[in-house]
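Colleague: Could you take a close look at one part of this model, a sheet and the strand in the middle of your interest, and then set that part against the rest? Please give the cut-offs behind each term as you go.

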Amino acid sequence: MSSLLFATPKELTGWLAKLASGYRVLAPRQEGPSVVYRPQTAEQLASADIDALLRRATASPKQAMLPQCETLVTFKSVKDAEDPSKLTTTLENPCQAEPTVLFGCRPCDARGFVVLDRPYLEGKFKDPYYGARREATVIVTQACPSAFASCFCNWVGSHPSDKEGSDILFTAVEGGFVLEVVTDKGQALVEGAGFADAADKVADVEAAHAAAAASLAPAPELTHVMEKVASRFTDTEFWEKETVKCLSCGACTYLCPTCQCFTITDEGSQLDGRRLRSWDSCMTPLFTLETSGHNPRPSKADRMRNRVSHKFSFYPERYDGFFSCVGCGRCVVSCPVSLDIRHMVKAAVEGSSLTFDDAAPAESPAVEAVPAPEAPAVAEPAPEAVAEPEQAAAPKAQKPAPKAAPRASSKSKAKKR
Amino acid sequence: MSEHNCGCSKNPYLPEVATVLEVITESPTIKSFRVRFDNEEAWNSFTYQPGQVGQLSVFGVGESTFVINTPPSCKDYIQFSVMRAGEVTSAIHKLQPGDKVGVRAPLGNYFPYEQWKGKNIVFVGGGIGMAPIRTIMLHVMEHAPEYGKLSLLYGARSPEDMAYKADLPGWLESDVLHTTLTIDREAPNWPHRVGMIPNVLKELAPSPDNTIAVLCGPPIMIKFTLAAFRELGFKDENIITTLERRMKCGIGICGRCNLGGKYVCLDGPVFSQAQLNELPPEM
């Protein structure tokens, strides 16, 4: 590990409060039953309870780069003095980004931005709105102290202290936090913060990371998941069974850190109006409904098949085997009918089909909504959720190189190393 | 707000403001719109390939995707043919010459005409599906000596549903194009064929030897015409079509026009049947 710094809770909140004078600081805050990322003032941050800032947010932080609704273009038209039926139209592009610190992301959340970068920034066309915010944002991530029952980052080539996508990764240790500077952007942020050197705390950090990795249920055998999910495409019965309960509400997509879909709509008139981009959801029937009335995905089974296939087959096929799922488990936690993408992926791979009676109930959303410090994983009903002792003994074996071999995160491979 | 490097100058969401030069009523439900960018510099540097699409918008109503159906040699305007069906297309149908629209183009891929040199080409257009056929057919006709025999089979429900009436006499009399027109049911004073496109195609029975089939039209027509071409011995890699999907961004990001891992707006709309065979069957 390079550049390690130590901060007490008071020093950490003091640092954030100072940053708030030059940056928009987004940090988790309790609002009603949910924890959400909100801009916080220097005063709020200076007096913040550190535990409140460390809670995992109910919704992903993707709105930091992709607001739920934003203006793409504004238009104004002026009538011709000679012929009022003729208009002169001018367009304005409000593309701007504020310097931002995104504090308290989890590694899965930070990795979500890496997933979004590919379609938004690395294709033939670049999205300037997303790009500007991405450029202007420094991501300060908290290594997970322990896993929730819904967590499955180890299924998709990640782990609770993954640095990918983060500019700074901090880990809770006795008496405070150890900050690991990952990028130059992160370095600039800690410049002059006055944090002490933490080279002597390497062992504490490694122990914390190992404990977090051990708290995760082992990942199932997912070799060839891409091909296996793809080969399920024509198995209509499978997808119908898996989606019997689905309400097509789209909660899974709105909370997901990697769901990229949006719609574009106009508001106002040609004289004075704007073109908006808003989050959209592939789980709703209108998403693909064509003007003619034809719909390539008319049933909820078609739509769930697309969603799961996109994350585990279409996206990895397009982008070097990298999954478009970071295993944060928000879709599992917040699904009103307890659908679980893990069950679908596992069933697709293992060749079995689950009826909805077989699907174990997910933890209640209320578990994560109460304003208490993060609890360790509650008992997972599925038998594989019980952490095996050998994992705790060799936590490093659980960290595959995410880009090179995202599918190498299987239990068997981890054990062999 | 600070300075940033977002590449706003190449903002793919920012349309060019264009003026409607001419509106042509093609059929009771189809109108063609000839438009040109207001910004001369943008217009002069604008190029596209046959088969590429554009997002045409009425400000305050919204955008929709249409193929540019002029050949790229046309430097005075680009033409979109629009069937009135929903909110945006209804607003487009109300446009008059002089009105302002937004255009984001060119988007998507194009017909691989470079690979067709020296080959015969059979164009088949059904209804509004004639629009993409028009751009590639006119382009190929301009370079006719480089290709083999060219033929067109164009079908519509009735004589009045047939678009491009101004083009038809020229196509029927052309030395480089053999044109067959057909309508679904008998109509008074109709001198051409009567019958569904797949049936007429089987009667015409073009040889598959050294021949490319290019077909566009509604899904049901594509389905049966594809079967007819296969019956005639055409190989799937020589059958080319264009796909329709609901689109928003047009640049492969908004996520709705995917067919498996391919985005119709970015990787399409032009696909060979052989390529489609490799994709999930979700039409």
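Modeller: Two strands pair if DSSP finds at least two bridges between them, where strands (E, at least two residues) and helices (H or I, at least four) are DSSP runs numbered from the N terminus. This is a predicted model, in which local features need pLDDT of at least 70 and side-chain atom pairs count only at pLDDT 80 or more, while totals for chains, interfaces and linings use all residues. Residues are numbered from 1 along each chain as its sequence is written, and chains are lettered from A and ligands numbered from 1 in the order in which they are written.

The part I have chosen is strand E8 of chain A (168-173). In chain A, an open sheet of eight strands runs in the order E3-E2-E6-E7-E8-E9-E1-E10, with mixed pairing. Its edges are E3 (34-39) and E10 (196-197), each of which pairs on one side only. Next to the first of these edges, strand E2 (24-31) of chain A is joined to E3(A) antiparallel by six bridges, and A:Glu31 has A:Ser34 in E3(A) as its bridge partner. Helix H7 (202-214) of chain A packs on the sheet and touches E1 (4-7), E8 (168-173) and E9 (176-181) of chain A; contact here means C-beta atoms, placed from the backbone, within 7 Å. The direction of H7(A) makes about 90° with that of E8(A), where axes are lines fitted to C-alpha atoms, for helices over the stretch in contact, and angles run from 0 to 180 degrees between N-to-C directions.

E8(A) is largely enclosed by the rest of the structure, because five of its six residues are buried. A residue is buried if 20 or more other C-beta atoms lie within 10 Å of its own, exposed if 12 or fewer, and partly exposed in between, with C-beta atoms placed from the backbone. E8(A) pairs in the parallel sense with strand E7 (137-142) of chain A over three bridges; there A:Gln142 stands opposite A:Phe170. With E9(A), E8(A) runs antiparallel and shares six bridges, including the one between A:Thr171 and A:Val178. E8(A) and E9(A) form a hairpin with two residues between the strands, in which A:Gly175 has a positive phi near 85°.

Now the chain around that sheet. Chain A holds 16 helices and twelve strands, and 49% of its 417 residues are buried. Of the contacts in chain A between residues at least 6 apart in sequence, 74% join residues at least 24 apart. A residue that is not buried is A:Glu70, in strand E4 (69-79) of chain A: with 18 C-beta neighbours inside 10 Å, A:Glu70 counts as partly exposed. Leaving out residues up to four places away in sequence, A:Glu70 touches A:Tyr129, A:Leu276 and A:Arg277. Its C-alpha atom is 27 Å from that of A:Arg297, 227 residues away along the chain.

For comparison, chain B has an open sheet of six strands in the order E4-E3-E6-E1-E2-E5, where the pairing is antiparallel. E4 (62-67) and E5 (78-83) of chain B are at its edges with a single partner strand each, so one side of each has no neighbour in the sheet. Neighbouring strands in this sheet are turned by 40° against each other on average, direction ignored. Strands E1 (16-25) and E2 (30-37) of chain B pair antiparallel over seven bridges, with B:Val20 partnered by B:Val35.

Finally, the core. The largest nonpolar core has 190 residues, and among those that touch the most other members are A:Val25, A:Val101, A:Phe103, A:Val345, B:Val124, B:Ala213 and B:Val214. Such a core is a set of buried Ala, Val, Leu, Ile, Met, Phe, Trp, Tyr and Cys residues joined through C-beta atoms within 7 Å. Helix H3 (130-142) of chain B gives the most to this core, with seven residues. B:Ala213 touches B:Val122, B:Val124, B:Phe229, B:Phe234, B:Asn238, B:Ile239 and B:Ile240, not counting residues up to four places away in sequence.

Terms used: Two residues are in contact if their C-beta atoms, placed from the backbone, lie within 7 Å.
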